[in-house]
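This report is written for a reader who wants to connect the fold of a protein chain with the contacts between its charged side chains. Please keep the sequence and the model open while reading.

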Amino acid sequence: MPSDTRILIVDDHEDTLYALESALAPLGYLLGRATSGDEALKQVLRGQVGLLLLDVRMPGVSGLEVVRYMRRVEQTQHIPVILLTGFGADHELTTAAFRLGVADLVMKPVDPWALRTKVRYLYDAQQRHLALEREVRRLRALVREHTEAAVHPARPALPHPDARVPTQRPMGAHAGELEKDRT
């Protein structure tokens, strides 16, 4: 895998984390885990998270609160999020989730085949998006360099001032030898 970004799986139940890791392992992506919303936010803000699988209802900071915070921070606002819920369909939850820009809302228990398909698509799309952003930055830097070079052409470097000054005495000559030559 060329990228060092990982998929972060967040759930407050160890058995659910294990099941999700087992379902995603065949994809070969790097996986990370967190057991709370706070821990998830810390990992996301440290970087290297390319996709977030996030339980909605957790003690402390909920999944929706994590997404709200992520969407306000430039560095994390475009990370795809799949919300997971075990409490069935809820119109208010669905509306709030999609207003926040989550990619999908998945009901537990999760179908491993469907989850792998969604994760592969979202993760790969995010990696292509990031690669395009890097390429755009690289091309803009090249354009900027060429524009600056055209506006301010490079002048040949001037030699160091000391390079034109002849040496005051021949190499190896001592002060006494120079005095003899004068007399």
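The text below goes from the overall fold to the sheet, then to the helix pairs, and finally to the salt bridges.

## Overall fold

The model is a predicted one. Its protein chain contains 6 helices and 5 strands, and these elements follow one another along the sequence in the pattern β-α-β-α-β-α-β-α-β-α-α. The chain has 183 residues, of which 35% count as buried.

## The sheet

The 5 strands form an open sheet in the order E2-E1-E3-E4-E5, and their pairing is parallel. At the edges of this sheet stand E2 and E5, each of which pairs on one side only, while the average twist from one strand to the next is 20°.

Three of the strand pairings can be followed in detail. E1 is joined in parallel to E2 by 5 bridges, and within this pairing Arg6 stands opposite Leu30 in E2. E1 also runs parallel to E3, with 5 bridges joining the two strands, and here Val10 has Leu54 of E3 as its bridge partner. Towards the other edge, E4 and E5 pair in the parallel sense over 4 bridges, and Thr85 stands opposite Met107 in E5.

Two of the connections between strands can be described by their handedness. E1, H1 and E2 together make a right-handed β-α-β unit, and a right-handed β-α-β unit is likewise made by E4, H4 and E5.

## Helix pairs

Which angle do the axes of H2 and H3 make where they cross? The axis of helix H2, which covers residues 37-46, comes within 9 Å of the axis of H3, and the two cross at roughly 25°. Angles under 35 degrees count as roughly parallel, and H2 and H3 are therefore roughly parallel to each other. The crossing in which H2 passes H3 is right-handed.

H1 and H5 give a second packed pair, with axes 9 Å apart and an angle of about 70°. This angle makes H1 roughly perpendicular to H5, and H1 passes H5 in a right-handed crossing.

## Salt bridges

A search of the whole structure finds 7 salt bridges. The table gives three examples, with the distance from N to O for each pair.

| Residue | Partner | Distance (N to O) |
|---|---|---|
| Lys108 | Asp11 | 2.6 Å |
| Arg33 | Glu21 | 2.9 Å |
| Asp90 | Arg57 | 3.5 Å |

The side chains of Lys108 and Asp11 meet at 2.6 Å. Lys108 belongs to the loop between strand E5 (104-107) and helix H5 (112-151), whereas Asp11 belongs to the loop between strand E1 (6-10) and helix H1 (14-24), so this salt bridge ties together parts that are 97 residues apart in sequence. Is each of these two residues buried or partly exposed? Lys108 is partly exposed, with a relative accessible area of 25%, whereas Asp11 is buried, with a relative accessible area of 0%. The pair also belongs to a wider arrangement, in which Asp11, Asp55 and Lys108 are linked in a network of salt bridges.

In the second example, the side chains of Arg33 and Glu21 meet at 2.9 Å. Arg33 is located in strand E2 (residues 30-34) and Glu21 in helix H1, so their salt bridge ties together parts that are 12 residues apart in sequence. Arg33 is partly exposed at a relative accessible area of 29%. Glu21, at 19% relative accessibility, counts as buried, because buried means under 20% relative accessible area.

In the third example, the closest N and O atoms of Asp90 and Arg57 are 3.5 Å apart. Asp90 is found in the loop between strand E4 (81-85) and helix H4 (91-99), and Arg57 in the loop between strand E3 (49-55) and helix H3 (63-72), so the pair ties together parts that are 33 residues apart in sequence. Asp90 is partly exposed, with a relative accessible area of 26%, and Arg57 also counts as partly exposed, at 36% relative accessibility.

Key. Residues are numbered from 1 along each chain as its sequence is written. This is a predicted model: local features need pLDDT of at least 70, side-chain atom pairs count only at pLDDT 80 or more; totals for chains, interfaces and linings use all residues. Side-chain values use heavy atoms; hydrogens and water are left out. A salt bridge is a side-chain nitrogen of Lys or Arg within 4 Å of a carboxyl oxygen of Asp or Glu. Buried means under 20% relative accessible area, exposed over 50%, partly exposed in between (1.4 Å probe, protein chains only). Two strands pair if DSSP finds at least two bridges between them. Axes are lines fitted to C-alpha atoms, for helices over the stretch in contact, and angles run from 0 to 180 degrees between N-to-C directions. A crossover is right-handed if, with the strands pointing away from the viewer, the path from the first strand over the helix to the second runs clockwise. Angles under 35 degrees count as roughly parallel, over 145 as roughly antiparallel, 65 to 115 as roughly perpendicular and the rest as oblique. A crossing is left-handed if the near helix is turned anticlockwise from the far one by less than a right angle, and right-handed if clockwise.
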